[in-house]
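The following report describes the overall dimensions, the nonpolar cores and two individual residues of one protein chain.

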Amino acid sequence: MNILLIGSGGREHALATAIARSPLCSRLFCAPGNAGIAEAAKIVKLDADDHAAVVAFCRDQRIGFVVIGPEAPLVGGLSDALADAGISCFGPSKAAAQLEGSKGFTKDLCAEFHIPTGAYERFTDAASAKAYLAGKPLPIVVKADGLAAGKGVVIAETEADAITAIEACFDGAFGAAGSEVVIEEYLDGEEASFFALSDGDTAIAFGAAQDHKRVGDGDTGPNTGGMGAYSPAPVMTDDMIRRTMDEIIRPTVAGMKTRGYHFKGVLFAGLMITRKGPELIEYNVRFGDPECQVLMTRLDSDILPALIATATGGLDTVRLDWSNDAALTVVMAADGYPGTPRKGTEIRGIDEADKVEGVKVFHAGTVRDGARILANGGRVLNVTARGATVAEAQQRAYAAVDRLDWPEGFCRRDIGWRAIARERGDT
């Protein structure tokens with residue numbers, strides 16, 4: 001089977017590596033890809049927003065299956081265009097992708113189908129949003145309703161901070177994504193990322209991870225797309241996974257079906273594990289980045305049959321085998337990130353880093369210039385390692401980081417600290 005993968009990040013490099021190993025994969029193409037993905041797939045120039053061009057390419061290259069990595073093409077309806085052309089695709093329809101594309105849509109679904117989440121209200125004007133704040137407990141969360149590249153969420157410690165966040169949304173800081181605002185209760189607890197596959201009827205668990213969103217050590221500084229992650233997530237015990245499936249994932253799949261939006265794809269539930277149990281912070285409708293890197297590193301099964309069953313049905317017959325090892329990834333970012341990253345700098349030593357036991361360096365924002373690998377984004381590399389424990393995986397990942405020669409790059413040096421503290425018995 002010929003397969004097309006859409007995307008260019010570390011998530012897509014991890015997916016490309018896993019898909020290319022499958023005996024079901026004859027040829028793998030990727031658009032637009034990156035320097036690392038080029039080692040596993042043929043890179044093609046395609047604009048995912050040009051649905052007609054993607055369909056034409058699939059027909060010309062006899063593509064039997066398309067895997068869509070990022071959220072924007074899903075929210076934009078690429079899956080629908082492929083389905084209309086009779087091309088099988090991993091990724092939900094535009095209507096089902098509202099679970100990520102509109103935070104208000106998701107909160108309303110939770111309210112209708114009794115899915116545990118924080119109390120909330122939706123607003124289309126600043127005055128009403130500001131009035132709602134009066135007397136509400138702090139901190140409080142202000143969210144742009146639509147896609148805002150992970151930057152549209154503010155945890156406001158003061159009412160003044162909340163007002164500033166509201167004004168930023170309605171003043172156009174996030175474009176159309178901020179034309180509606182969701183204000184919700186702050187949930188206190190430990191965050192976890194939980195993944196499940198759904199074919200519209202059946203849902204199966206697909207692992208858990210925890211990531212580090214702040215740019216600096218000790219979880220300091222501004223939020224980012226993620227500076228590292230590890231799996232499994234110790235807070236997601238067997239009981240917590242069962243409760244998450246029963247109280248959050250399965251009611252979501254059933255609720256979407258009731259609404260006429262059969263959800264076929266991956267549900268990425270951002271959870272807060274509170275004293276009451278798992279509560280939903282938000283949904284994404286694609287694999288996380290960098291969570292996908294650690295999940296694919298731990299997955300021992302062929303990923304492709306699971307992706308195909310998700311798209312075409314029969315997920316209830318799929319069984320997944322996972323390594324007992326832990327996996328941890330460290331994001332190497334370009335100077336200036338999460339602001340304006342410095343691009344075009346050369347990265348040396350990737351081959352040496354890959355030689356560390358249990359390590360694979362996934363590319364994200366990279367481009368090849370002859371024999372050189374250059375930085376071409378904010379988050380540039382994902383140095384990923386397996387180990388018997390999170391501590392061992394961390395040691396291997398940082399040993400590999402130290403083999404990289406990239407003065408213009410940086411990383412956090414404490415990825416996995418919470419899990420390692422648990423392993424030591426500190427918590």
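With 427 residues, the chain has a radius of gyration of 21 Å, which agrees with the value near 22 Å for a compact globule; the radius is taken over C-alpha atoms, and the globule rule is 2.2 Å times the number of residues to the power 0.38. This is a predicted model, in which local features need pLDDT of at least 70 and side-chain atom pairs count only at pLDDT 80 or more, whereas totals for chains, interfaces and linings use all residues. Residues are numbered from 1 along each chain as its sequence is written, and side-chain values use heavy atoms, with hydrogens and water left out.

Along the principal axes, the C-alpha atoms fill a box of roughly 60 × 50 × 45 Å. The chain has 14 helices and 23 strands, which are DSSP runs numbered from the N terminus (helices H or I, at least four residues; strands E, at least two). Of the 427 residues, 56% count as buried, that is, under 20% relative accessible area with a 1.4 Å probe, protein chains only. Among contacts (heavy atoms within 4.5 Å) with a separation of 6 or more, 69% join residues 24 or more positions apart.

In soluble globular proteins, nonpolar side chains tend to be buried together. A nonpolar core here is a set of buried Ala, Val, Leu, Ile, Met, Phe, Trp, Tyr and Cys residues joined through side-chain atoms within 4.5 Å. The largest such core holds 48 residues, of which Leu 4, Val 66, Leu 82, Leu 99, Met 236 and Ile 249 touch the most other members. Helix 9 (residues 238-258) contributes the largest share of this core, six residues. Apart from it lies another core of 37 residues, including Met 296, Ile 303, Leu 315 and Leu 320. Leu 82 touches, beyond four places in sequence, Val 54, Val 55, Cys 58, Val 66, Ile 68, Ile 87 and Cys 89.

Ile 19 belongs to helix 1 (residues 10-20) and counts as buried because its relative accessibility is 0%. Residues up to four places away aside, Ile 19 touches Ile 3, Cys 25, Leu 28, Val 67, Ile 303, Leu 304 and Leu 307.

Ser 198, in strand 10 (residues 190-199), is likewise buried, with a relative accessible area of 0%. Its side chain makes the polar contacts tabulated below (N or O atoms within 3.5 Å, one able to donate a hydrogen and the other to accept it; residues adjacent in sequence count only if both atoms are side-chain atoms).

| Side chain | Backbone partner | Distance |
|---|---|---|
| Ser 198 | Gly 200 nitrogen | 3.1 Å |
| Ser 198 | Phe 263 oxygen | 2.8 Å |

Beyond four places in sequence, Ser 198 is also in contact with residues including Ala 203, Val 253, Thr 310 and Leu 315.

Definitions and conventions: Buried < 20%, exposed > 50% of the residue type's maximum accessible area, 1.4 Å probe, protein only.
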